[in-house]
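Here is a short report on a ligand site, a cavity and a histidine. Look at the ligand before reading on.

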Amino acid sequence: MSRSTRKLHLAVAQLGPVQRADSRAQAVRRLLAMLEDAAARGARWLTFPELALTTFFPRWDLEDPAEIRGFFETEMPGPETQPLFDAARQRGIGFSLGYAELDGDTQYNTSILVGPDGRILGKYRKIHIPGDAQSRSGAALQHLEKKYFAVGDLGFPVWKTEDAAIGMCICNDRRWPETFRVMGLQGVDVVMLGYNTPSGYVQWNEPIHLRMHHHLLSLQAAAYQNACWVAAAAKAGIEEDSPMIGGSAIVAPTGEVMVRTFSEDDEVINFVCDLSVCDHYRANIFNFAAHRRPEHYGLIVSRTGAGAPLSAG
Ligand code: CDT
């Protein structure tokens with residue numbers, strides 16, 4: 001693979017558990033410490049996890065509207081999150097940050113992209129909302145994202161920054177190839193992804209080692225098939241008795257995991273990424289313009305669930 005290089009230094013900030021009693025200020029202090037760490041290593045862009053400011057509250061069937069609203073942000077930045085924006089500007093490091101967003105009366109699972117100048121470049125609202133809208137009777141652990149979050153209404157945008165074309169997605173989105181292909185079709189170089197994957201959810205019904213396997217399988221296939229880097233940040237460890245997988249990683253367009261977290265606690269990883277590897281794959285095996293056949297992909301947008309075969313006999 002001979003080529004000129006286009007280097008971009010990425011970092012990922014994995015968060016250990018955030019408990020229900022932890023304040024926003026405590027969470028932000030931890031995020032700030034990792035931002036400083038990433039900046040000291042020379043990173044230019046940093047991925048924070050999904051719902052990084054609070055515990056993963058969709059594990060509970062909460063009834064009190066005031067209590068529910070307490071997990072949501074009505075402004076970004078707000079007084080507690082402003083220090084992250086200030087630090088980004090001072091250190092010249094951009095970041096993505098996941099949080100629960102209240103927009104009017106609508107609740108979203110959101111991630112923002114903040115540039116190295118500390119300004120918000122864009123917003124993504126999670127589209128593939130997993131789990132249930134109502135609690136499952138008898139289940140020790142719920143996953144009620146459909147109760148708390150509307151389906152995102154912003155599509156899968158890609159922002160052309162001075163460094164790279166950057167997109168975002170959130171947790172369950174990574175399991176769906178459409179997520180990455182829509183960004184791949186916009187020439188995305190880097191996808192920043194935050195996640196909270198609880199390993200004890202009843203619906204999994206599979207050996208526990210498969211949680212990590214499917215997580216990495218999804219990232220590696222997506223990076224390779226869309227010729228992009230993926231920077232994925234977990235909220236990990238035992239949060240309010242619920243174990244959540246770690247495995248935060250930076251994955252290359254070759255499909256290889258270049259660096260991965262060791263712990264299930266606060267931990268920064270970083271890697272100097274060669275963006276020209278994206279160009280190489282885009283010019284060859286994944287030259288979309290030369291090889292894609294959208295005239296045969298109609299079912300992808302005309303059907304949601306699987307249906308009957310199209311062939312008559
Ligand atoms: N946060 C999130 O999207 N978690 C999901 C759990 C799926 S099981 C209902 C994930 O894909 O990891």
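The shell around the ligand divides into five nonpolar, five polar and five charged residues. In this count Ala, Val, Leu, Ile, Met, Phe, Trp, Tyr, Cys and Pro are nonpolar, Asp, Glu, Lys and Arg are charged, and the others, Gly among them, are polar. The model is predicted: local features need pLDDT of at least 70, side-chain atom pairs count only at pLDDT 80 or more, and totals for chains, interfaces and linings use all residues. Residues are numbered from 1 along each chain as its sequence is written, and side-chain values use heavy atoms, with hydrogens and water left out.

In total, 15 residues surround the ligand (a heavy atom within 4 Å of it). The closest are Lys126, Glu145, Cys171, Arg175 and Thr197.

Polar side-chain atoms also face the ligand. The table lists three such pairs.

| Residue | Ligand atom | Distance |
|---|---|---|
| Glutamate 145 | nitrogen | 3.0 Å |
| Asparagine 172 | oxygen | 3.1 Å |
| Arginine 174 | oxygen | 3.4 Å |

On its own, the ligand has 360 Å² of accessible area (Shrake-Rupley method, 1.4 Å probe), and the protein covers 95% of it. The ligand sits in the second largest pocket. To sit there, more than half of its atoms must lie within 2 Å of the pocket's grid points. A pocket is an open set of points on a 1 Å grid over the protein atoms alone, with protein on both sides within 12 Å along at least five of seven lines.

What about enclosed space? A cavity is a set of grid points where a 1.4 Å probe fits but cannot get out. The count comes to one cavity of 30 Å³ or more. The largest cavity has a volume of about 40 Å³ (the space filled by probe spheres set on the points, which are joined across faces, edges and corners). Its lining residues, with an atom within 4 Å of a point, include Phe48, Glu50, Ser111 and Met192. Strands S3 (94-103), S7 (165-170) and S8 (190-195) each give two or more residues to this lining (strands are DSSP E runs of at least two residues). The largest share, three residues, comes from S8. By class, the lining has six nonpolar, four polar and one charged residues.

Now for the histidine. Histidine 128 is in the loop between strand S5 (120-125) and helix H4 (145-148) (helices are H or I runs of at least four residues). Which side chains make polar contacts (N or O pairs within 3.5 Å, one able to donate a hydrogen and the other to accept it) with that of histidine 128? Aspartate 173 does so at 2.8 Å, and threonine 179 at 3.4 Å.
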